[in-house]
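Work through the exercises below with the sequence and the 3D structure at hand. Each task is followed by a solution in steps.

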There are 2 protein chains.
Amino acid sequence: MTGRPVGPDGKRQDVSVTKNKVIAISGGVGGAKLSMGLASEMDARNLTVIVNTGDDSWHFGLFVTPDIDTQLYTLSGRADLDRGWGRSGETWHAMDALRELGEDVWFNIGDKDIATNLLRTMRLSRGDRLTEITADFARAFGIETRLLPMSDMPVSTQLKCADGDYDFHDWFVAARAEPTVQEVVFRGAERASMTAEVETALADPELAAIVVCPSNPFLSIGPVLSVPGLRQMLKDSPAPVIGVTPVVSGQAIKGPTAAMMKGFGLPVSASAAARFHADIFDGYILDERDAGQVGEFAYIGSGLPVALADTMMVDLDAKRRLARAVLEFAETLR
Amino acid sequence: MTGRPVGPDGKRQDVSVTKNKVIAISGGVGGAKLSMGLASEMDARNLTVIVNTGDDSWHFGLFVTPDIDTQLYTLSGRADLDRGWGRSGETWHAMDALRELGEDVWFNIGDKDIATNLLRTMRLSRGDRLTEITADFARAFGIETRLLPMSDMPVSTQLKCADGDYDFHDWFVAARAEPTVQEVVFRGAERASMTAEVETALADPELAAIVVCPSNPFLSIGPVLSVPGLRQMLKDSPAPVIGVTPVVSGQAIKGPTAAMMKGFGLPVSASAAARFHADIFDGYILDERDAGQVGEFAYIGSGLPVALADTMMVDLDAKRRLARAVLEFAETLR
């Protein structure tokens, strides 16, 4: 956040702009929960979610983009909330039939989920952009929130571990996230570019807040920030950039965040997570269970403003409460 | 059939070769029934089915080869015999999900069937040949009969109708085979070639018979015969080439054969069907219901030998009886 926008004359403007747009930057499950909360708590049409595509990969000839699908399924009420990925009421006949044909199936795609992937793969092969395809899928699913892939160009999250390099799914699914990660590399990032849609959304003068969802800072937020120019746009934005902690009571709510922090020699704490992308944050939401750690944020930069909230999002009400807390916090920082 | 094989000295050989191999040339459903009968009535390992691939096409980014799949599913007991195509116990969740995404789904692929198509498409994109892929699928399904695509190169059956040109499935499925066909064209046939496997099978000195299954002569047998050199190998083969009528009592058992014959101005009769590929046949199986038409075969070439059989194949017993009749007829013609 740099305060009020600067006009063509170089002076800070005091124009009256309705600040009612919100951007969320998100990975999969945890981020989708908060985007669901935001979409319920505000006019969903004013919410844009910029989604990680670093986990995109090919399985059985299908182009799979898990975080976008998690957003699509979550925001349209189609997600399997118990399993934590994929669609509810899903069946697995195609995967069973692949096994019958002798395939070693370690990456499961449900029958309904296959349709999403088939259609996307077909349209990509025709030259349609992931951004357009995602918009069409969201429309078909009745989603009013705007879902934007972080880029239409491939960025592939690679994990350098002691025993070798892994593609994201090779590490996360096949190796059950067990090999200790020494370094995360976003292959292709230097050649990727922001889409016009992402750039326009980030430059929108009506932006009230940019919310960095409680997604894995290394594997979900990191790839988004690796897209050339995007991190700088966050830093330059007049809208406050609010981080929401992915760590509560010294544990990650879901996924490998805590293990990765340990592997990097970091304490598993909200402040350590905030510090990892400290340059972009104007404020940070700490879980109310960790109120004792507020003091640690005084040493991030020249002191990172903190607000407390229940970040666990156990149900829709909790998602909405967190969304409300984030939006109110942003208002105090504008 | 040209009689005994000719040796390097130019003389007809009288070598004692066990003639126990059989080739069937087949399209989908009707042909698969007879290949099932043959596989049950003889040592299945000695049976090779050369299968039409003229209906191969792309749907939702999947390479679909319907006649090969019908053979795979029929010979392994996985076919839905009531529906007449696809797998038994099939579900349609992926197609439903495609419709939900706004797709106009007129070509249905079941969830289990998708697996076959996904894996094949993926392997083709890696450079594997359709012949190898089909052999691996047959092995995985426990099929002992050898299934050979007519070619590894694309041949596309096109239908020229009064109202325009159609791809096979556009005509057969989308237009419900209603437009009157004026001409059938096998696009790509001139560039296609026999595989080493097909050529070796057709040249096998142990060949006892080549059976042309009761498949559509224009749309299923025609494409196979369009592969350069294949028709000539049938004519040159010392093994008798036996046709099985696709027309019984003036009707096709299944599919558009009768309507096409009418459209071509042909009588809907077994002899008219036989006449269409008369150059390759050494004998023809006429349905016993059409015994009165035997005389018509005297005017095909210098008289085409005929045998009568029940060609309806209503159950496995009937399939086996027809197979036995074909094999016995071939023996009399050797």
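**Exercise 1. Two residues with positive phi**

Task: Decide for Ala177(A) whether the label buried, exposed or partly exposed applies, and say where in chain A Ala177(A) is found.

Solution. This is a predicted model, and the values below are computed from it.
- Step 1. Count the neighbours: Ala177(A) has 18 C-beta neighbours inside 10 Å.
- Step 2. Apply the cut-offs: a residue is buried at 20 or more such atoms and exposed at 12 or fewer. Ala177(A) therefore counts as partly exposed.
- Step 3. Place the residue: Ala177(A) is in the loop between α6 (168-174) and β8 (181-187) of chain A.
- Step 4. Look at the backbone: the phi of Ala177(A) is positive, about 55 degrees, although the residue is not a glycine.

Task: Do the same for Met313(A): where does it lie, and is it buried or exposed?

Solution.
- Step 1. Met313(A) lies in the loop between β14 (306-309) and α12 (316-333) of chain A.
- Step 2. Because 23 other C-beta atoms are within 10 Å, Met313(A) is buried.
- Step 3. Met313(A) is not a glycine, yet has a positive phi of about 50 degrees.

**Exercise 2. Two residues around the start of β2**

Task: Classify Arg45(A) and Thr48(A) as buried or exposed, and describe their surroundings.

Solution.
- Step 1. Arg45(A) is found in the loop between α1 (29-41) and β2 of chain A, whereas Thr48(A) is in strand β2 (residues 47-51) of chain A.
- Step 2. Arg45(A) has 12 C-beta neighbours inside 10 Å and so counts as exposed.
- Step 3. Thr48(A) has 24 other C-beta atoms within 10 Å and is therefore buried.
- Step 4. Leaving aside neighbours within four places in sequence, Thr48(A) is in contact with Ile23(A), Arg146(A), Leu148(A) and Ala201(A).
- Step 5. Set sequence against space. Thr48(A) and Ser35(A) are 13 residues apart along the chain, with 8.8 Å between their C-alpha atoms. Arg45(A) and Trp85(A) are 40 residues apart in sequence, and their C-alpha atoms are 25 Å apart.

**Exercise 3. Two helices of chain A**

Task: Which residues of helix α5 (residues 130-140) of chain A are buried, and what do they pack against?

Solution.
- Step 1. List them: Leu130(A), Ile133(A), Thr134(A), Phe137(A) and Ala138(A) are the buried residues of α5 in chain A.
- Step 2. Check their directions: they cover an arc of only 135 degrees around the axis, so they are on the same side of α5(A).
- Step 3. Find the partners: the buried residues of α5(A) pack against α2 (66-75), α4 (111-125) and β5 (146-149) of chain A.
- Step 4. Follow the chain onward: Gly142(A) comes after α5(A) and has a positive phi, near 75 degrees.

Task: How many residues of helix α8 (residues 217-226) of chain A are buried?

Solution.
- Step 1. Ten of the ten residues are buried, so α8 of chain A is largely enclosed by the rest of the structure.
- Step 2. Among these buried residues of α8(A) are Phe218(A), Gly222(A) and Pro223(A).

**Exercise 4. Strand pairing in chain B**

Task: Which strands of chain B pair with β6 (residues 156-161), and in what sense?

Solution.
- Step 1. β6(B) is joined to β8 (residues 181-187) of chain B by six bridges, and the two strands run antiparallel. Thr157(B) stands opposite Phe186(B) in β8(B).
- Step 2. β6(B) also pairs with β7 (residues 164-167) of chain B, in the antiparallel sense over four bridges. Here Leu159(B) is opposite Tyr166(B) in β7(B).
- Step 3. The connection from β6(B) to β7(B) is a hairpin through two residues.

**Exercise 5. The contact between the chains**

Task: Which helix gives the most residues to the side of chain B that touches chain A?

Solution.
- Step 1. The contact involves 23 residues of chain B and 23 residues of chain A.
- Step 2. On the side of chain B that touches chain A, α3 (93-100), α4 (111-125) and α5 (130-140) of chain B each supply at least two residues.
- Step 3. α4(B) gives the most, with ten residues.
- Step 4. By class, this side of chain B has twelve nonpolar, seven polar and four charged residues.

How values were computed: Residues are numbered from 1 along each chain as its sequence is written. Chains are lettered from A and ligands numbered from 1 in the order in which they are written. This is a predicted model: local features need pLDDT of at least 70, side-chain atom pairs count only at pLDDT 80 or more; totals for chains, interfaces and linings use all residues. The arc is that of the directions from the helix axis to the C-beta atoms. Two residues are in contact if their C-beta atoms, placed from the backbone, lie within 7 Å. Ala, Val, Leu, Ile, Met, Phe, Trp, Tyr, Cys and Pro count as nonpolar, Asp, Glu, Lys and Arg as charged, and the others, Gly among them, as polar. Two strands pair if DSSP finds at least two bridges between them.
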